[in-house]
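Biologist: I would like to learn how to read contacts and empty spaces in a model. Please take me through this one step by step.

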Amino acid sequence: MSWLTPQVSAVLFAMFQALVILLVAVLLGAVMTVVERRLLGLWQDRYGPNRVGPFGSLQLVADMIKIFFKEDWIPPFADRKLFVLAPAIAMASLLLSFMIIPITPGWGIADLNIGLLFFLAMAGINVYAVLFGGWASGNKYALIGAMRASAQTLTYEVFMGLALMGVVALAGSFNMRDIVQAQEELWFIVPQFFGFATFLIAGIAVTHRHPFDQPEAEQELADGYHIEYSGMKFGMFFIGEYVGMVLVSALIVTLFFGGWQGPWLPPFVWFSLKTGFFLMLFVLIRASLPRPRYDRVMSFGWKVCLPLTLVNLLVTGAVVLLMAPE
Amino acid sequence: MELAFYLSGGVAVLATLGVITGTNPIHALMYLIVSLIAVAMVFFTLGAPFAAALEIIVYAGAIMVLFVFVVMILNLGEGAVAQERLWLQPRTWLGPSLLAAVLLVVLVASLVQGGAGQFISGEPISAQAVGGLLFGPWLLVVELAAMLLLAALVTASHIGRRPEVERWSESKGRRPGAGRGKGNGGGR
């Protein structure tokens with residue numbers, strides 16, 4: 001065991017951590033597809049998938065078998081290269097963002113100084129998945145869906161970044177660990193309530209979750225940008241959406257709810273409990289709210305949320321300057 | 001870090017060549033996005049992570065999306081590809097590339113003479129340092145840029161405004177609030 005120097009074992013442990021976090025993120029995304037349908041059934045007074053296995057617990061396996069064995073069809077009128085690339089971008093950009101999330105004091109992949117900006121950059125790249133997927137399909141519904149998606153995502157990304165700047169100003173750092181440490185006495189949900197509210201809205205919109213699922217509105221667009229996708233390529237868009245949901249929940253917990261901090265229980269339990277709460281909230285929002293009209297969504301973003309985040313940032317800046325020593 | 005610098009620099013050069021020689025507009029734009037991300041990586045290796053993140057967020061994440069958006073709506077088909085191919089004939093690009101080659105020689109010569117023996121290094125510049133500089137010595141430039149952006153914003157809102165007549169007839173004729181709203185993503 002002479003090769004097992006502290007350096008090598010540190011590298012191996014870091015790789016192991018990265019692998020575990022990657023697998024858990026993907027698996028959690030996959031499990032959420034089933035959990036969501038069961039919960040929707042519960043809240044909407046119907047059964048949901050309950051046939052496969054005891055209480056429908058094996059539904060995930062059935063779904064996976066189906067998705068793997070479907071014919072992976074590429075339409076002859078599609079732009080092949082971009083058609084194949086789009087689902088990969090959708091999945092990869094979201095999974096890469098998990099890199100910056102500190103799960104417990106000892107667990108987390110990268111401790112970047114620009115942590116929060118890295119997430120915003122990856123969210124920016126994620127737009128291309130929908131845009132290219134919709135265009136490469138060569139289908140008018142897919143194109144309209146892609147248009148809507150990119151316009152909506154651009155709108156909501158503008159104030160998503162601004163909503164987070166209040167947190168950055170309070171913590172004095174973009175580093176996620178510093179942000180968690182800064183919340184030792186008071187979670188940022190209290191001083192940054194408007195930041196939290198706007199970030200939650202923007203997070204739902206950027207992952208195209210209900211009620212901001214205009215890009216894939218079934219009634220109008222027949223599924224939007226992924227209408228021509230089948231098999232595993234559709235699966236990547238589909239799971240990617242849930243991975244995005246997990247990511248946004250974990251980010252909300254880290255930025256506004258003190259991350260791993262909490263009394264009595266170990267840090268990991270606190271982190272997963274809080275993240276689970278927000279995952280449930282995402283499902284509950286889908287179960288209870290109708291879908292607004294598209295132009296209302298856009299004008300709500302520009303006329304309500306953007307000014308709100310600007311005022312929030314202004315007030316936060318003033319307070320931080322007033323409270324500063326000297 | 002040095003290896004990463006040269007690798008991402010090479011990717012940037014190759015991707016930019018792809019932009020110029022590509023015949024399909026969307027594929028060319030994709031190369032441009034790759035090129036921008038590679039340039040961001042170059043910033044990263046030079047110790048400017050803040051600039052790198054902003055490069056991706058602003059250029060690759062926002063501006064290029066608008067480019068792709070517009071090209072998508074234009075629905076360029078085979079005709080555009082044929083036209084691009086026509087423009088790529090040697091007699092079109094020979095003159096400009098000769099002149100550019102002369103400039104390249106000058107650039108390489110000045111680099112070799114000026115900075116021989118220097119290696120890629122640099123201490124990381126934090127976001128705080130960038131902010132301090134922007135709102136310290138360079139405050140005037142920031143304010144000028146802000147005024148320019150404000151002027152652009154006012155202009156855009158003026159151009160994007162619906163004419164008074166149409167708005168009036170809409171409120172009389174149809175139920176209020178119906179019809180195409182502002183900012184429907186250029187979907188028409």
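Modeller: This is a predicted model. We can start where the chains meet: between chain A and chain B there are 2 residue pairs in polar contact, both at pLDDT 80 or more. The elements of chain A that each give two or more residues to the side touching chain B are H3, H4, helix H5 (140-171) and helix H11 (294-323). H4(A) provides the largest share of that side, 10 residues.

Biologist: What classes of residue make up the side of chain A that touches chain B?

Modeller: That side has 19 nonpolar, 3 polar and 4 charged residues. In terms of area, chain A and chain B bury about 2,400 Å² between them, and 78% of it is on carbon and sulfur atoms. Three residues, A:Tyr128, A:Trp135 and A:Met147, supply 23% of the area that chain A buries against chain B, more than any other three residues.

Biologist: How many residues of each chain are in contact?

Modeller: On chain A there are 26, and they are in contact with 30 residues of chain B.

Biologist: How should I read salt bridges, and how many are there between chain A and chain B?

Modeller: The general idea is that side chains of opposite charge can pair when their charged atoms come close. Between chain A and chain B the count is 0 salt bridges. Over all chains the count comes to 5. One pair to look at is A:Arg286 with A:Glu36, whose side chains meet in a salt bridge at 3.4 Å, N to O. This pair links distant parts of the chain, with A:Arg286 in helix H10 (residues 267-288) and A:Glu36 in helix H1 of chain A, 250 residues apart.

Biologist: Now the empty spaces. How many cavities of 30 Å³ or more are there?

Modeller: Rolling a probe the size of a water molecule over the atoms shows where empty space is left. Here the count comes to 4 cavities of 30 Å³ or more. The largest cavity holds about 130 Å³ of space. Among the residues lining the largest cavity are A:Ala90, A:Asn126, A:His208, A:Tyr225 and A:Glu241. Helix H3 (80-97), helix H4 (115-136) and H9 of chain A each supply at least two residues of that lining. By class, the lining of the largest cavity has 7 nonpolar, 4 polar and 1 charged residues.

Biologist: What lines the second largest cavity?

Modeller: The second largest cavity has about 60 Å³ of space. Its lining includes A:Phe119, A:Met160, A:Gly203, A:Leu247 and A:Val248. H4, helix H7 (193-206) and H9 of chain A are the elements that give two or more residues to this lining. The lining of the second largest cavity divides into 7 nonpolar, 4 polar and no charged residues. A:Leu94 and A:Asn126 appear in the linings of both the largest and the second largest cavity.

Biologist: And pockets? Which residues lie nearest the centre of the second largest pocket?

Modeller: They are A:Arg37, A:Asp223, A:Phe234, A:Phe238 and A:Tyr242, out of 28 residues that line the second largest pocket. The elements giving two or more residues to this lining are helix H1 (6-43), helix H2 (59-69) and helix H9 (231-256) of chain A. H9(A) gives the most, with 6 residues. About 690 Å³ of space lies in the second largest pocket.

Biologist: How does the lining of the second largest pocket divide by class?

Modeller: That lining has 9 nonpolar, 6 polar and 13 charged residues.

Definitions and conventions. Residues are numbered from 1 along each chain as its sequence is written. Chains are lettered from A and ligands numbered from 1 in the order in which they are written. This is a predicted model: local features need pLDDT of at least 70, side-chain atom pairs count only at pLDDT 80 or more; totals for chains, interfaces and linings use all residues. Side-chain values use heavy atoms; hydrogens and water are left out. On a 1 Å grid over the protein atoms alone, a cavity is a set of points where a 1.4 Å probe fits but cannot get out, and a pocket is an open set with protein on both sides within 12 Å along at least five of seven lines; lining residues have an atom within 4 Å of a point. Grid points are joined across faces, edges and corners, and a volume is the space filled by probe spheres set on the points. Helices (H or I, at least four residues) and strands (E, at least two) are DSSP runs, numbered from the N terminus. Ala, Val, Leu, Ile, Met, Phe, Trp, Tyr, Cys and Pro count as nonpolar, Asp, Glu, Lys and Arg as charged, and the others, Gly among them, as polar. Contact means heavy atoms within 4.5 Å. Buried area is the accessible area (1.4 Å probe) that two parts lose on being put together, summed over both. A salt bridge is a side-chain nitrogen of Lys or Arg within 4 Å of a carboxyl oxygen of Asp or Glu. A polar contact is a pair of N or O atoms within 3.5 Å; within protein, one must be able to donate a hydrogen and the other to accept it, and residues adjacent in sequence count only if both atoms are side-chain atoms.
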